[in-house]
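Trainee: I've got a new model on my screen and I don't know how to read it. Could you walk me through it?

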Amino acid sequence: MSGPRYDLEDRLIRFGAEVCRLSERLPSTPLGKHVALQMVRSSTSPFANYGEVQGAESRRDFVHKLGICLKELRETRTWLKFLGEMNLCGEEPLRAASRECDELLAIIASSIRTARWNGRSRM
């Protein structure tokens, strides 16, 4: 009995792709181009850094690299909020991307807390 396999890396990749597609629909104004580039950078960084997480050499390294993923997702969330404030894109795609970003932030933050707790428990 096997259900769909949960893979955070795949979910981060899908999120990055979703934000990239959203950024391609932004206006070709200087502001639109600036925001699009920043969003592409911050939304694709988490999946690349998550690959590094999987090769962490210690618990401390694991937590540090997950922290980088968290930081980049927070930046993406801020850019998504800015998009909404400036009315640069449709409400539904923005809402979907923001919801996924919030869920990914919660997962990564929980993973960091668990790794830190497990590290303290073993001391």
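Mentor: Let's start with a pair of helices, keeping in mind that this is a predicted model. Two packed helices are described by the angle between their axes and by the distance between those axes. Here, look at α1 and helix α3, which covers residues 59–86.

Trainee: Okay, at what angle do the axes of α1 and α3 cross, and within what distance do they come?

Mentor: They cross at roughly 30 degrees and come within 13 Å. Angles under 35 degrees count as roughly parallel, so α1 is roughly parallel to α3. The crossing of α1 with α3 is also left-handed.

Trainee: Which residues make the contact between α1 and α3?

Mentor: On the α1 side you'll find L12, F15, V19 and L22, and on the α3 side L73, T76, L80 and L83. Sorted by class, the residues of this α1 and α3 contact come to 7 nonpolar, 1 polar and no charged.

Trainee: L83 is on that list. How do I read a single residue like that?

Mentor: Ask where it sits, how much of it is accessible, and what it touches. L83 is in helix α3. Under 20% relative accessible area counts as buried, and L83 has 0%, so it is buried.

Trainee: And which residues does L83 contact, leaving aside its neighbours within four places in sequence?

Mentor: L83 is in contact with L22, L26, V35, M39, L88, C89 and L94. Take L94 from that list: L83 and L94 are 11 residues apart along the chain, and their C-alpha atoms are separated by 7.9 Å.

Trainee: Let me try another pair. How do α1 and α2 pack?

Mentor: Helix α1 is residues 8–24, and it packs with α2 at an angle of about 170 degrees, with the axes 9 Å apart. Over 145 degrees counts as roughly antiparallel, so that is the label for α1 and α2. Quite a list of residues makes the contact, including L8, L12, F15 and V19 of α1 and M39, V40, S43 and F47 of α2. By class, the contact of α1 with α2 has 13 nonpolar, 5 polar and 1 charged residues.

Trainee: S43 is a serine in that contact. Is S43 buried or exposed?

Mentor: It's buried, because its relative accessible area is 1%. S43 lies in helix α2, residues 30–53.

Trainee: What lies 2.8 Å from a polar atom of the S43 side chain?

Mentor: The backbone oxygen of M39 does. Not counting residues up to four places away in sequence, S43 touches F15, G16, V19, C20 and T76.

Trainee: That leaves α2 with α3. How do their axes sit?

Mentor: The axes of α2 and α3 come within 8 Å and cross at roughly 155 degrees. The two helices are therefore roughly antiparallel to each other, and α2 passes α3 in a left-handed crossing. The α2 and α3 contact has 16 nonpolar, 7 polar and 5 charged residues.

Trainee: What about the bits between helices? Where is N87, for instance?

Mentor: N87 is in the loop between α3 and α4. Over 50% relative accessible area counts as exposed, so N87, at 66%, gets that label. Check its backbone too: N87 has a positive phi of about 55 degrees, although it is not a glycine.

Trainee: And in α4 itself, can we look at a glycine?

Mentor: Sure. G119 is found in helix α4, residues 91–121. With a relative accessible area of 18%, G119 is buried. G119 and L70 are 49 residues apart along the chain, and their C-alpha atoms are separated by 19 Å.

Trainee: Now zoom out for me. How many helices and strands does the chain have?

Mentor: The chain has 4 helices and 0 strands, and from the N terminus on the elements run α-α-α-α. The C-alpha trace spans about 55 × 35 × 20 Å along its principal axes.

Trainee: How would I read burial and contacts for the whole chain?

Mentor: For burial, take the share of residues: 38% of the 123 residues count as buried. For contacts, look at how far apart the partners are in sequence. Among contacts with a separation of 6 or more, residues 24 or more positions apart account for 75%.

Note on methods: Residues are numbered from 1 along each chain as its sequence is written. This is a predicted model: local features need pLDDT of at least 70, side-chain atom pairs count only at pLDDT 80 or more; totals for chains, interfaces and linings use all residues. Side-chain values use heavy atoms; hydrogens and water are left out. Buried means under 20% relative accessible area, exposed over 50%, partly exposed in between (1.4 Å probe, protein chains only). A polar contact is a pair of N or O atoms within 3.5 Å; within protein, one must be able to donate a hydrogen and the other to accept it, and residues adjacent in sequence count only if both atoms are side-chain atoms. Contact means heavy atoms within 4.5 Å. Axes are lines fitted to C-alpha atoms, for helices over the stretch in contact, and angles run from 0 to 180 degrees between N-to-C directions. Angles under 35 degrees count as roughly parallel, over 145 as roughly antiparallel, 65 to 115 as roughly perpendicular and the rest as oblique. Ala, Val, Leu, Ile, Met, Phe, Trp, Tyr, Cys and Pro count as nonpolar, Asp, Glu, Lys and Arg as charged, and the others, Gly among them, as polar. A crossing is left-handed if the near helix is turned anticlockwise from the far one by less than a right angle, and right-handed if clockwise.
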